[in-house]
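Biologist: I would like a close look at one part of this protein. Please take the salt bridges, and then show me how some of the helices pack. Keep it simple enough for a first-year student.

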Amino acid sequence: MEPQKFSIAVDSGHKATEFRPLSLSSPHMRAFHLAWLSLFTCFFSTFSIPPLLPIIRQDLNLSPSDVGTAGIAAFAGSIISRLVMGPACDVFGPRLASATLSLATAPILLSAAFISTPLHFILLRFFVGFSLANFVANQFWMSSMFSRCTVGLANGVAAGWANVGSGVTQLVMPFIFSVLNTYFDLTQSVSWRTALVVPAVFQALMAIMVLAYGQDLPDGSYRNIRKREKNSKDDAIGVFLNGIKNYRGWVLGLTYGYCFGVELTMDNIIAEYFYDRFGVNLETAGVIAASFGFANWVSRPTGGIVSDKLGKRFGMRGRLWGLWVVQTVAGVMCLWLGEVKSLWGSIAVMCGFSFFVQAASGLTFGVVPFVSKRSMGVISGMTGSGGTVGAVVTQLLLFSGSTKFSTQTGISLMGVMMIISTLSLTTIYFPQWGGMLCGPSSEHQHCQLLA
């Protein structure tokens, strides 16, 4: 340990053992701020379109099926990119992987100026959705900078604050559209297309800042340090295979598909849902939808804090039980949300639901760093991809525009899917720490159910 080298307490591997979100100290807290702000811009970009859908669907003559397919496409693109992002972080480091993806996807939003058909719109959402893979780099970066005693909190805050971007964009994009349409006297068609320049520029600027000021690891560049380590001979294929053979990553991918995946689905449908069902105007629908995303400011970090607290007191079993309880409560509230028939009642239940579903995401990534040190990026990618797979499946089954379900019925059924999928957490077992129902193998020669 070299405490004089850092302005924050570190362990023997120079990972921070404390978390100071108001600090800009290098490299730990600077990496934290660059990571969450970069991912914030990606959420802002990806979900800059849904709050403008009432205008866009008229301009492009989109059918309900077109809107549903576009929503699925946004998540489908993210599945592919998240799977690739995990190995990319393991080989090149989170800083380079993150910035490259952001710079590659930011210009895609500018192509909105040229789209004129439903197919063009679907392709736009598909390719913009690739940027959500920066979530994997975000969590990898925090797990590389913070020790096990505080990594749940760091992961929770970095992702939670970033996810607020999906709420801010619901509030900001209708405002930008209104300003362009009213004060600059632009047509509605030109206004929504011009408004998308803002998230594109925002995302590109943050990517440049990540390259200029970021650092992969406490001791320097990821690639340079890998060259000095004996185990750096592990190639990308070996790291990838080691990760995908770990069943815990698949289970976490499933459960994450029905916490974060549900959150993504709600980001896609919530503004339009309140606009259509309760007859509120575009700006009001945006404010209501924004409150769902804004909850991430405290909810996901709370999930990380709870995971760390339970981990310190009860070990891995505490982390797993905490995740199961919180996500199950979220499922119950999601089911309830679809049954509420009043505007203010729906808003109240939505706020409670948003807190628990987002906290469950924070609790999930309180477990992920413990699954595989060698293939941490792959496990993060598998789990993150599970989130978008869950969103795609849910959107396809319940909100594609061609199903027989009403939106409110779809929301209730989504809650049932959450409750059922979360039961798979009972299968996760770590020999050294145990699982939800079993103690560690070092203490028990035979796994026995605990009362």
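Modeller: What follows goes through the salt bridges, then two helix pairs, then one residue in a strand. Keep in mind that this is a predicted model.

Start with the charges. Side chains of opposite charge can pair when their charged atoms come close. Searching the whole structure turns up five salt bridges. Begin with arginine 57. Its partner in one salt bridge is glutamate 272, and the closest N and O atoms are 2.4 Å apart. Where do the two sit? Arginine 57 is in helix α2, residues 53–59, and glutamate 272 is in helix α13, residues 260–278. The pair therefore ties together parts that are 215 residues apart in sequence. Is glutamate 272 buried or exposed? Glutamate 272 is buried, because its relative accessible area is 16% and the cut-off for buried is under 20%.

Arginine 57 also meets aspartate 276 in a salt bridge, at 3.3 Å from N to O. Again the link spans distant parts of the chain: aspartate 276 belongs to helix α13, arginine 57 to helix α2, and 219 residues separate them. Aspartate 276 has a relative accessible area of 47%, so it counts as partly exposed. Put the pieces together and you get a network of salt bridges linking Arg57, Glu272 and Asp276.

Helix α2 has another charged residue to follow. Aspartate 59 forms a salt bridge with arginine 193, with 3.1 Å between the closest N and O atoms. Aspartate 59 lies in α2 and arginine 193 in helix α8, residues 188–195, so this pair ties together parts 134 residues apart in sequence. The accessibilities are worth a look. Aspartate 59 is partly exposed, at 27% relative accessibility. Arginine 193 is buried, at 15%.

Now the helix packing. Take helix α7, residues 151–182, and helix α14, residues 282–294. They pack at an angle of about 165°, and their axes are 6 Å apart. That is why α7 and α14 are roughly antiparallel to each other. Their crossing is left-handed. Which residues make the contact? From α7 come Asn163, Val164, Ser166, Gly167, Val168, Gln170, Leu171 and Ser178. From α14 come Glu283, Gly286, Val287, Ala289, Ala290, Gly293 and Phe294. Sorted by type, the residues of this contact are seven nonpolar, seven polar and one charged.

Next, helix α16, residues 316–337, and helix α19, residues 407–422. Their axes come within 6 Å and cross at roughly 160°. So α16 is roughly antiparallel to α19. The crossing of α16 and α19 is left-handed. On the α16 side, the residues that meet α19 include Trp324, Gln327, Ala330 and Leu335. On the α19 side, they include Ile411, Met414, Val416 and Ile419. This contact of α16 with α19 divides into 11 nonpolar, seven polar and no charged residues.

Finish with phenylalanine 430. Its place is in strand β1, residues 429–430. Phenylalanine 430 is buried, with a relative accessible area of 2%. What is phenylalanine 430 in contact with, leaving aside its neighbours within four places in sequence? The contacts are Arg248, Met316, Phe370 and Val371. Glycine 160 is 270 residues from phenylalanine 430 along the chain, and their C-alpha atoms are separated by 27 Å.

Notes:
Residues are numbered from 1 along each chain as its sequence is written. This is a predicted model: local features need pLDDT of at least 70, side-chain atom pairs count only at pLDDT 80 or more; totals for chains, interfaces and linings use all residues. Side-chain values use heavy atoms; hydrogens and water are left out. Axes are lines fitted to C-alpha atoms, for helices over the stretch in contact, and angles run from 0 to 180 degrees between N-to-C directions. Helices (H or I, at least four residues) and strands (E, at least two) are DSSP runs, numbered from the N terminus. Angles under 35 degrees count as roughly parallel, over 145 as roughly antiparallel, 65 to 115 as roughly perpendicular and the rest as oblique. A crossing is left-handed if the near helix is turned anticlockwise from the far one by less than a right angle, and right-handed if clockwise. Contact means heavy atoms within 4.5 Å. Ala, Val, Leu, Ile, Met, Phe, Trp, Tyr, Cys and Pro count as nonpolar, Asp, Glu, Lys and Arg as charged, and the others, Gly among them, as polar. A salt bridge is a side-chain nitrogen of Lys or Arg within 4 Å of a carboxyl oxygen of Asp or Glu. Buried means under 20% relative accessible area, exposed over 50%, partly exposed in between (1.4 Å probe, protein chains only).
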